[in-house]
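Pull up the model and keep the sequence next to it. We'll take a walk along the chain together, stopping wherever there is something to look at.

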Amino acid sequence: MATYAADAPVLDNYHAVVSAFSDFLTVAIHTILYERDIYPRSSFLAARKFNCPVRQSRHPKVCKWIQDAVAAVEVEMLKCTLSNVSLVIHAPPPSSAPLERFLFSTAAFPSLPSSEVLTPFNGSPPPAADLPEQFRATISRLSTLSSALSPLPPDCSFTMVTELRDDADIHPPLAPDTPWIAAEPRLQKQRKRNESEAQPGSTKGKDLGGVKTTPIRNVESGAFVMEMWVEEGKAKFEE
């Protein structure tokens with residue numbers, strides 16, 4: 001049985017909040033891939049994290065993909081540019097339509113200059129055991145969620161999608177030296193110029209929102225405020 005590293009973070013600055021999110025996101029992705037049968041269950045090994053049993057892929061390339069994806073998310077999180085991160089499960093070709101979107105909303109995370117990510121927060125941090133307890137409850141919820149979701153077809157694929165905050169000075173990280181590419185139009189959110197006005201030419205992707213939404217859990221511990229849910233897309237019920 002594998003065991004992840006110690007996991008009782010002290011949320012005393014923004015960097016610690018982002019590190020805790022990355023830690024949880026890694027475990028959540030492995031859990032979703034296992035529970036939704038994206039890979040054979042025999043390819044996962046038993047592990048422990050947040051003092052609860054979890055599953056971890058044994059395939060080196062899957063583990064490397066998850067590691068690289070989470071690292072890329074963490075880079076953007078430390079810039080305070082993201083409002084949502086989602087794991088999207090796609091139908092097999094030729095449609096490759098989005099069937100499920102597992103969303104991790106970080107819109108309520110602090111937004112501050114990158115020079116202040118190590119600056120201590122005002123006040124005392126929450127107890128170190130608080131966040132792992134909530135992570136444990138969330139992973140437990142993910143582990144039983146399949147009974148509430150319609151089955152997926154065989155041979156699905158998956159990808160990671162991020163959504164930017166609507167701040168005017170935030171731009172997509174699409175330079176040649178970054179790991180990101182633009183999401184397909186049907187998964188693009190409508191960018192806003194302000195709270196009530198959309199940016200010219202910006203429209204909401206047709207596959208955002210889905211036809212059925214299942215809440216998973218809200219996690220709140222000091223500056224760490226995350227909402228998680230899953231959306232089932234229209235294409236899933238047309239398969």
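What follows goes from the overall layout to the helices and then to a few individual residues.

First, some ground rules. This is a predicted model, so to speak of local features we need pLDDT of at least 70, and side-chain atom pairs count only at pLDDT 80 or more, while totals for chains, interfaces and linings use all residues. Residues are numbered from 1 along each chain as its sequence is written, and side-chain values use heavy atoms, with hydrogens and water left out.

Let's start with the overall layout. The chain has three helices and eight strands; helices (H or I, at least four residues) and strands (E, at least two) are DSSP runs, numbered from the N terminus. Read from the N terminus, the order is β-α-β-β-α-β-β-α-β-β-β. Of the 239 residues, 46% are buried, where buried means under 20% relative accessible area, exposed over 50%, and partly exposed in between (1.4 Å probe, protein chains only). Take the contacts between residues at least 6 apart in sequence: 69% of them join residues at least 24 apart. Contact here means heavy atoms within 4.5 Å.

How confident is the predictor? Mean pLDDT (the predictor's confidence in each residue, from 0 to 100) is 85 for the chain, with 78% of residues at 70 or more. Among the elements, α1 has the highest mean, 97, and strand β1 (residues 2–3) the lowest, 46. Over residues 1–5 the pLDDT is below 50, although this stretch has 17 contacts in the model beyond near neighbours in sequence.

Now for helix α1, residues 14–35. Its 22 residues reach 31 Å from first C-alpha to last, close to the 32 Å expected at 1.5 Å a residue; the expected span is 1.5 Å times one less than the number of residues. Of those 22 residues, 18 are buried, so α1 is largely enclosed by the rest of the structure. At the N-terminal end, Asn13 acts as a cap, with a side-chain oxygen 3.1 Å from the backbone nitrogen of His15. Past the other end comes Asp37, with a positive phi near 55 degrees.

Next up is helix α2, residues 60–78. Its 19 residues should span 27 Å at 1.5 Å a residue, and the end C-alpha atoms are 27 Å apart, which agrees. Which residues of α2 are buried? They are Val62, Ile66, Ala69, Val70, Ala72, Val73, Glu76 and Met77. They cover an arc of only 155 degrees around the axis, which puts them on the same side of α2; the arc is that of the directions from the helix axis to the C-beta atoms. On the other side, Pro60, Lys61 and Gln67 are exposed. The cover over the buried residues of α2 includes α1, β3 (52–57), β4 (82–90) and β6 (157–164).

Follow the chain out of α2 and you meet Cys80, in the loop between α2 and β4. Cys80 has a positive phi of about 60 degrees although it is not a glycine, and it is buried, with a relative accessible area of 4%. Cys63, by contrast, counts as partly exposed at 22% relative accessibility. A search of the whole structure finds zero disulfides, a disulfide being a pair of cysteine sulfur atoms within 2.5 Å.

The loop between β4 and β5 (98–105) holds Pro94. The peptide bond from Pro93 to Pro94 is cis, with omega near 10 degrees. Ser96 lies in that loop between β4 and β5 too, and has a positive phi of about 50 degrees without being a glycine. At 26% relative accessibility, Ser96 counts as partly exposed.

Two last stops. Pro132 sits in helix α3 (residues 130–143) and is buried, with a relative accessible area of 8%. Pro132 and Phe50 are 82 residues apart in sequence, yet 5.3 Å apart in space, C-alpha to C-alpha. Finally, find Ser221 in strand β7 (residues 212–221); this serine is buried, at 3% relative accessible area. The side chains of Ser221 and Asp130 are joined by a polar contact of 2.7 Å. A polar contact is a pair of N or O atoms within 3.5 Å; within protein, one must be able to donate a hydrogen and the other to accept it, and residues adjacent in sequence count only if both atoms are side-chain atoms. Leaving aside neighbours within four places in sequence, Ser221 is in contact with Leu11, Pro126, Asp130, Leu131 and Gln134.
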